[in-house]
Amino acid sequence: MSTAKLILEGQEYEFPVIVGSENEAGIDFASLRAKTKAIGFDPGYGNTGACQSAITYIDGDQGILRYRGYPIEQVAAKASFVETAYLLIYGQLPTQAELDKFQRELTYHTLIHEDMKKFFEGYPAKAHPMAILAAMAVSLSTYYPDSDEPDVVNLNIIRMMAKMKTIAAFSYKKSIGQPYVYPRNDLSYIGDFLHMMFAVPSESYQNSDVLERALNLLLILHADHEQNCSTSTVRMVGSSRASLFASIGAGICALWGPLHGGANQEVIEMLDMIQADGGNYRKYMDMAKDKNSNFRLMGFGHRVYKNFDPRAKILKQSADEVLNALGVSDPLLDIARNLEEIALKDDFFIQRKLYPNVDFYSGIIYRAMGIPTNMFTVLFALGRLPGWIGHWKEMHDDPSTRINRPRQIYTGATERQFVPLAER
Ligand code: CMC
């Protein structure tokens, strides 16, 4: 086994080096504090491996993303979202019988308890659906008991996958004041979601193949991305042995932020703003480069990818196809293309290796599908669900998991004497 040496105040220490299946190396600093009394300092965790995981591999320099070893391009072209979810959660591609069983289970657990409908009534009409989604995810734990019994764990995994799309669609119906549409057992996972979103009692609703295919692709591309902010949050919360429902509720909150999954909503709002400003995208490019401005080009840049985000490549092509198939012409797509073109030639972006990420084109596709902007991040959450569940399960099944508890460097006051109120 290779080792790494550290010299601290003249004293030499040795640490084991862990090598992953793609030869990526990690210095095992688990004994650092015990040996040296010092801690590793890495704000934002850019260099910290918090776990070993067999789910997703990313090589950010080469733009590679693989789910359980399968390249994202192949999964996106050949799999269904349900098949992808099975792969991420259980570790291998399902046989036909396994897939049928999984699909059946996901179909027969889609109803939420009738009492939960009352929760929706309590939210204001303008409530952001991400807030509702997070609250409802945690609320599931009040209806479905938690246990370490493997059958119960698995049943809760199925419940989580099956019920979240019902909750997501109900939160949309609530926001537009329409009656909730109940799930239908004769439809596919994605078909059922679209039906619950778009059907109205007064009209017959026919699912469109174009929408089903587009959403299948979008959800697959969002399904996992190793230790991103929301997935690490799920693992962090789950490490205290919190339930699957509670851990995923926390993950949904983390995803909501504009630097993470909330970016897909922000991209469209940014493109709208540029269009309203006469399409002057160069002005916004300059603002994004200006250190005195808080403005960032949303949908650009990534902590891990220092090359094209492979998901963005697939989505850029899909945006063209979906808009053509739906007969939609969206001026925001032209603005997005122009922004991308000038950003890729601009020194600021080249030097910092800033490329379009998955959120840059996804919003344009959602918009063409008739999905309102405030639902974009909810769809990201539905896609990311199998990844969160897979990571929660991997951590839960690993007997060596310890509660996640980072350290800090304290920078506050040193010891001082308490001054009573009357003397201050
Ligand atoms: N526009 C302008 N400048 C940027 C951008 C951007 N979108 N992203 C990074 N930079 C600059 C940043 O100012 C910094 O410059 P300097 O070195 O001169 O200080 C440099 O690039 C490095 O940026 P950073 O903030 O240190 O990078 P990070 O790894 O901490 O952040 C990020 C990654 C994704 C949060 C960031 O690139 C960003 O804010 N992008 C816009 C939001 C976005 O699209 N988020 C979605 C990410 S992909 C999907 C997901 O994970 O949810």
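Four basic residues, Arg-33, Lys-37, Arg-405 and Arg-407, come together as a positive patch on the surface of this predicted model. Lys-37 is a good member to click on first. You will find Lys-37 in the loop that runs between helix H1 (32–36) and strand S4 (56–59). Its relative accessibility is 77%, so Lys-37 counts as exposed.

The surface also carries a patch of the opposite sign. Asp-146, Asp-148, Glu-149 and Asp-151 form a negative one. Here, let Asp-146 be your guide: it sits in the loop linking helix H6 (129–143) with helix H7 (150–176). With a relative accessibility of 47%, Asp-146 is classed as partly exposed, because exposed would require over 50%.

Now let us turn to the backbone. Most residues other than glycine have a negative phi. With that in mind, two residues deserve a look in your torsion plot. What is the phi of Glu-226? It is near 40°, a positive value, and Glu-226 is not a glycine. This residue belongs to the loop between helix H9 (209–222) and helix H10 (229–238). Glu-226 has 23% relative accessibility and therefore counts as partly exposed; the class of buried is kept for values under 20%.

Follow the chain through H10 and you come to the second case. Arg-241 is placed in the loop between H10 and helix H11 (244–256). Its phi is positive too, at about 70°, although Arg-241 is not a glycine. Is Arg-241 buried or exposed? Its relative accessible area is 72%, so Arg-241 is exposed.

Finally, leave the surface and look for Leu-385. This leucine is part of helix H18, which covers residues 376–396. Leu-385 has a relative accessibility of just 1%, which means that it counts as buried. Which residues does Leu-385 touch, once those up to four places away in sequence are set aside? Its contacts are Met-160, Met-161, Met-164 and Ile-248. You can place these partners using helices already met on this walk: the three methionines, Met-160, Met-161 and Met-164, have numbers within the range of H7 (150–176), and Ile-248 has a number within that of H11 (244–256).

For one last distance to check in your viewer, pick the C-alpha atoms of Leu-385 and Arg-213. These two residues are 172 positions apart in sequence, and their C-alpha atoms are 19 Å apart in space.

How values were computed: Residues are numbered from 1 along each chain as its sequence is written. This is a predicted model: local features need pLDDT of at least 70, side-chain atom pairs count only at pLDDT 80 or more; totals for chains, interfaces and linings use all residues. Side-chain values use heavy atoms; hydrogens and water are left out. Patches are made of residues with over 30% relative accessible area and no salt bridge: like charges are joined within 9 Å, nonpolar side chains (Val, Leu, Ile, Met, Phe, Trp, Tyr) within 5 Å. Accessible areas come from the Shrake-Rupley method with a 1.4 Å probe; for residues, only the protein chains shown count as cover. A salt bridge is a side-chain nitrogen of Lys or Arg within 4 Å of a carboxyl oxygen of Asp or Glu. Lys and Arg count as positive and Asp and Glu as negative; His and the chain ends are not counted. The place of a charge is taken as NZ of Lys, CZ of Arg, CG of Asp or CD of Glu. Helices (H or I, at least four residues) and strands (E, at least two) are DSSP runs, numbered from the N terminus. Buried means under 20% relative accessible area, exposed over 50%, partly exposed in between (1.4 Å probe, protein chains only). Contact means heavy atoms within 4.5 Å.
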